[in-house]
Amino acid sequence: MMSFFAALERHNAVFTTMHNHANDVQTLFSAVTNSLSSGGKIVWLGNGGSAADSQHLAAELMVRYKNERAPLASIALTTDTSILTAHPNDFNFDTVFERQVQGLVQANDVVIGLTTSGQSNNVNLALAAANEIGAFTVALTGRDGGKVKDIAQLAIIVQSQETARIQEAHMFIGHWLCEALDKEFTP
């Protein structure tokens, strides 16, 4: 039981700092709302647990979060196994998301990269490619922000060194975004 309470304490310590991100999440909400209102889409990407979180949040927007509403255009670049295996086989894994961004992203889109360290080359290259296209780029990251903090137009850096706590905070931000978008786009 001690490990449960220790984990809960570390979780709570991170969440007591989440109010520091209020302005950043408002910027995120505005960018996503503007994109969706202008026919754009929300593109998510990440590795490992962040890949699963990307898929989860894309599904919340496409299907629904709580409210009955039209689908909100969203896709995770982590779901197509043919691309995820062919591209690294023919090129390399560092460019697996960059290539998809080059083929799918337009200037009115928002591209959100999840990387707990900020050092994931494939996420960083994808966000750089999205910047070149003119899309709005967001990094949900942690630790000291890593390299991604200098690439994304908006870097939301969760103040933690622990991957699980960073991911929990990313999902809180993602779920809050889904809730806010439900309110915005439900007739």
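## Exposure and the Arg64–Glu68 pair

Buried means under 20% relative accessible area, exposed over 50%, and partly exposed in between. Glu68, at 59% relative accessibility, therefore counts as exposed. The model described here is predicted.

The side chain of Glu68 meets that of Arg64 in a salt bridge, with an N to O distance of 2.1 Å. Arg64 is partly exposed, at a relative accessible area of 37%.

## Salt bridges around Glu162

The structure holds eight salt bridges. One of them joins the side chains of Glu162 and Arg10 at 2.7 Å, N to O. Glu162 is in the loop between E5 and H7 and Arg10 is in helix H1, so this pair ties together parts that are 152 residues apart in sequence. Both partners fall in the intermediate class of exposure: Glu162 is partly exposed at 25% relative accessibility, and Arg10 is partly exposed at 38%.

Glu162 also meets Arg165 through a side-chain salt bridge of 2.9 Å, N to O. Arg165 is buried, with a relative accessible area of 9%. Through shared partners, salt bridges link Arg10, Glu162, Arg165 and Glu168 into one network.

## The nonpolar cores

In soluble globular proteins, nonpolar side chains tend to be buried together. The largest nonpolar core in this model has 31 residues, of which Leu28, Val32, Ile42, Trp44, Ile112 and Leu181 touch the most other members. Two or more residues of this core come from each of helix H2 (22-37), E1, H3, E3, E4, E5 and H7. The contribution of H7 is the greatest, at eight residues.

Ile42 can be followed through its contacts. Leaving aside residues up to four places away in sequence, Ile42 touches Val32, Ser35, Leu36, Leu61, Ala73, Ser74, Ile75, Val110 and Ile112. Another core lies apart from the largest one; this other core has 17 residues, among them Val101, Ala135, Val148 and Ala152.

## Helices H3 and H5

Helix H3 covers residues 49-62. At 1.5 Å a residue, its 14 residues should span 20 Å, and the C-alpha atoms at its ends are 20 Å apart, which agrees. The buried residues of H3 are Ser50, Ala51, Asp53, Ser54, Leu57, Ala58, Glu60 and Leu61. Their cover includes strand E1 (42-46), strand E2 (74-76), strand E3 (110-115) and helix H7 (163-185).

In helix H5 (residues 96-104), the buried positions are Val96, Phe97, Glu98, Gln100 and Val101. These buried residues of H5 pack against E1, helix H4 (81-90) and helix H6 (121-133). E1 is thus listed as a neighbour of the buried residues of H5 and also among the cover of those of H3.

## Arg143 and Ile157

Arg143 sits in the loop between strand E4 (136-142) and strand E5 (154-158). Arg143 has a positive phi of about 55°, although it is not a glycine. This residue is partly exposed, with a relative accessible area of 23%.

Arg143 is one of the residues in contact with Ile157. Ile157 belongs to strand E5 and is buried, with a relative accessible area of 18%; the cut-off for buried is under 20%. Not counting residues up to four places away in sequence, Ile157 touches His21, Thr141, Gly142, Arg143, Asp144, Gly145 and Lys149. Thr78 is 79 residues from Ile157 along the chain, and the C-alpha atoms of the two are separated by 22 Å.

## A nonpolar surface patch

Met1, Phe4, Phe5 and Leu8 form a nonpolar patch on the surface. Together these residues have about 450 Å² of accessible area. Leu8 is in helix H1 (residues 2-15), the helix that also holds Arg10 of the salt bridge with Glu162. Leu8 is partly exposed, at a relative accessible area of 36%.

How values were computed:
Residues are numbered from 1 along each chain as its sequence is written. This is a predicted model: local features need pLDDT of at least 70, side-chain atom pairs count only at pLDDT 80 or more; totals for chains, interfaces and linings use all residues. Side-chain values use heavy atoms; hydrogens and water are left out. Patches are made of residues with over 30% relative accessible area and no salt bridge: like charges are joined within 9 Å, nonpolar side chains (Val, Leu, Ile, Met, Phe, Trp, Tyr) within 5 Å. Accessible areas come from the Shrake-Rupley method with a 1.4 Å probe; for residues, only the protein chains shown count as cover. A salt bridge is a side-chain nitrogen of Lys or Arg within 4 Å of a carboxyl oxygen of Asp or Glu. Helices (H or I, at least four residues) and strands (E, at least two) are DSSP runs, numbered from the N terminus. Buried means under 20% relative accessible area, exposed over 50%, partly exposed in between (1.4 Å probe, protein chains only). Contact means heavy atoms within 4.5 Å. The expected span of a helix is 1.5 Å times one less than its number of residues. A nonpolar core is a set of buried Ala, Val, Leu, Ile, Met, Phe, Trp, Tyr and Cys residues joined through side-chain atoms within 4.5 Å.
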